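Please open the model in a viewer and keep the selection panel at hand. The tour below proceeds from one selection to the next.

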Amino acid sequence: MKIHEYQAKAILSRFDIPVPRGKPAFSAEEALTIARDIGFPCVIKAQIHAGGRGKAGGVKLVHNAMEAAAIIDQLLGQPLVTIQTGPQGKVVNRLLIEEGIQIDREFYAGLVVDRARARPVFMVSTEGGVEIEQVAAHSPQKIHKLYATPGLGLFDFQFRNMVNALGIPPNQQANAITVLQSLYRAFWQSDASLVEINPLVLTAAGELLALDAKINFDDNALYRHPDYLELRDLSEEDPVEVEASQYHLNYIRLDGNVGCMVNGAGLAMATMDIIKHYGGAPANFLDVGGIASPETVANGFKIILSDPTVQAILVNIFGGIVRCDRVARGIINAAQSLVIQRPVVIRLEGTNATDALQLLRDSGINFKIARDLREAAQMAVAAVQS
């Protein structure tokens with residue numbers, strides 16, 4: 001789950017990480033009032049779930065009320081197109097108004113889970129204020145990585161190494177170590193999948209501040225953080241993905257034209273790969289889970305059919321825990337209750353698969369039955385191409 005910058009900074013503040021004075025605003029009048037209260041110069045920042053806001057014009061320094069009013073009108077209620085939003089952009093429904101800061105130096109500090117090593121990795125760089133992906137691509141030697149030890153975390157010497165790598169002045173090193181230790185604590189105790197400060201700045205007055213902040217949470221751990229769950233902004237998420245989550249379906253929209261309904265994340269990934277192998281493009285990732293009841297199958301069809309780019313549907317179910325005949329009944333019920341005007345290719349294997357295929361053949365509905373996954377992918381791609 002993603003949250004906005006102002007929400008991330010509120011969490012970092014709880015862990016004693018210094019942030020600039022600022023408040024969120026949800027209307028033009030409120031934003032201008034906050035700007036006057038904070039004083040000029042101040043910074044007006046668009047709040048959307050996407051990076052690259054600064055380069056896209058979503059972060060502006062203003063020096064008086066007239067400039068502030070113009071920028072507020074320019075941003076609030078308007079789509080902001082960044083490198084991460086796609087050409088349609090995202091509508092700015094809220095702003096963050098912050099005090100202007102005199103910056104001496106900019107750094108990067110962030111934590112993610114390195115899934116290859118199965119442990120958190122703390123990354124710091126002197127290239128603050130720059131997209132870390134660009135630094136990794138063009139100057140990877142400027143990113144210093146330190147890995148946490150399972151069960152123990154990071155040691156004091158590792159934090160000292162990070163501070164030395166950043167070239168923090170000696171009189172600021174103790175404070176910098178405290179800030180980095182607090183950042184690790186925020187990451188660990190919040191069950192985050194990512195915590196990032198970019199840039200972490202050293203001000204002209206010698207203070208370290210989190211000038212920007214980003215936090216993503218592990219969805220599977222949100223039951224431990226009901227207060228974080230309240231921070232979710234559904235307007236920033238794909239409405240279809242939100243609806244799918246209400247049906248307990250794992251759905252992600254992609255940019256292809258073959259709709260996929262699969263049980264199990266691994267099988268779903270393999271299904272998408274083989275569609276690509278035969279020249280097609282998956283329109284979604286949809287995992288109906290290990291149960292795959294008639295109700296979940298019917299809801300899965302409803303979600304897939306809501307995407308107008310889908311030109312064919314591939315159902316690939318392996319009946320381990322689930323019985324294939326129950327899945328077949330769900331497919332038949334969905335076809336009878338929904339208007340499905342696109343080819344439906346079905347591959348069922350496992351428990352009661354023979355009975356399931358007979359149910360599909362006897363339904364009188366024009367399903368395309370595949371013998372194996374290879375044939376299913378070929379049939380789905382051919383259906384789109386024809």
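Begin with helices H9 and H13, where H9 passes H13 in a right-handed crossing. The model is a predicted one. Select residues 265-277 for H9 and residues 373-385 for H13; the two axes come within 9 Å and cross at roughly 55°. An angle between 35 and 65 degrees falls in the oblique class, and H9 and H13 are therefore oblique to each other. To display the contact, show the side chains of Thr271, Ile274 and Ile275 on H9, together with Leu373, Arg374, Ala377 and Val381 on H13. By class, this contact of H9 with H13 comprises 5 nonpolar residues, 1 polar and 1 charged.

Next, select a second helix pair: H5, residues 156-166, and H6, residues 173-189. Their axes come within 9 Å and cross at roughly 120°, which makes H5 oblique to H6. The crossing of H5 and H6 is right-handed. On the H5 side, display Asp156, Phe159, Arg160, Met162, Val163 and Asn164; these meet Gln173, Ala176, Ile177, Leu180, Gln181 and Tyr184 of H6. The residues in this contact of H5 with H6 are 7 nonpolar, 3 polar and 2 charged.

Keep Ala176 and Leu180 selected, since the next stop includes both.

How many cavities of 30 Å³ or more does the structure hold? There is 1, and the largest cavity encloses about 30 Å³ of space. To outline the largest cavity, add Phe107, Leu166, Ile168, Leu200 and Leu208 to Ala176 and Leu180, which also belong to its lining. The lining consists of 7 nonpolar residues, with no polar and no charged ones. Ala176 and Leu180 of H6 are thus found both in the contact with H5 and in the lining of the largest cavity.

The remaining stops concern the backbone. Select Asn198 and Pro199: the peptide bond joining them is cis, with omega near 10°. Pro199 belongs to strand E10, which covers residues 192-203.

Now move to Phe40 and Pro41, whose peptide bond is also cis. Here omega is near 0°. Pro41 is located in the loop that links helix H2 (28-38) to strand E2 (42-46).

Finally, select Asp16 and inspect its backbone torsions. Although Asp16 is not a glycine, its phi is positive, at about 65°. Asp16 sits in the loop between helix H1 (5-14) and strand E1 (22-25).

Definitions and conventions
Residues numbered from 1 in each chain as written. Predicted model: local features only at pLDDT ≥ 70, side-chain atom pairs only at ≥ 80, totals over all residues. Heavy atoms only, no water. Axes fitted to C-alpha atoms, helices over the stretch in contact; angles between N-to-C directions. Helix = DSSP H or I, 4+ residues; strand = E, 2+ residues; numbered from the N terminus. Parallel < 35°, antiparallel > 145°, perpendicular 65-115°, else oblique. Left-handed = near helix turned anticlockwise from the far one by under 90°. Contact = heavy atoms within 4.5 Å. Nonpolar A, V, L, I, M, F, W, Y, C, P; charged D, E, K, R; others polar. 1 Å grid on protein atoms, 1.4 Å probe; cavity = no way out; pocket = protein on both sides within 12 Å on 5 of 7 lines; lining within 4 Å. Points joined across faces, edges and corners; volume = space filled by probe spheres on them.
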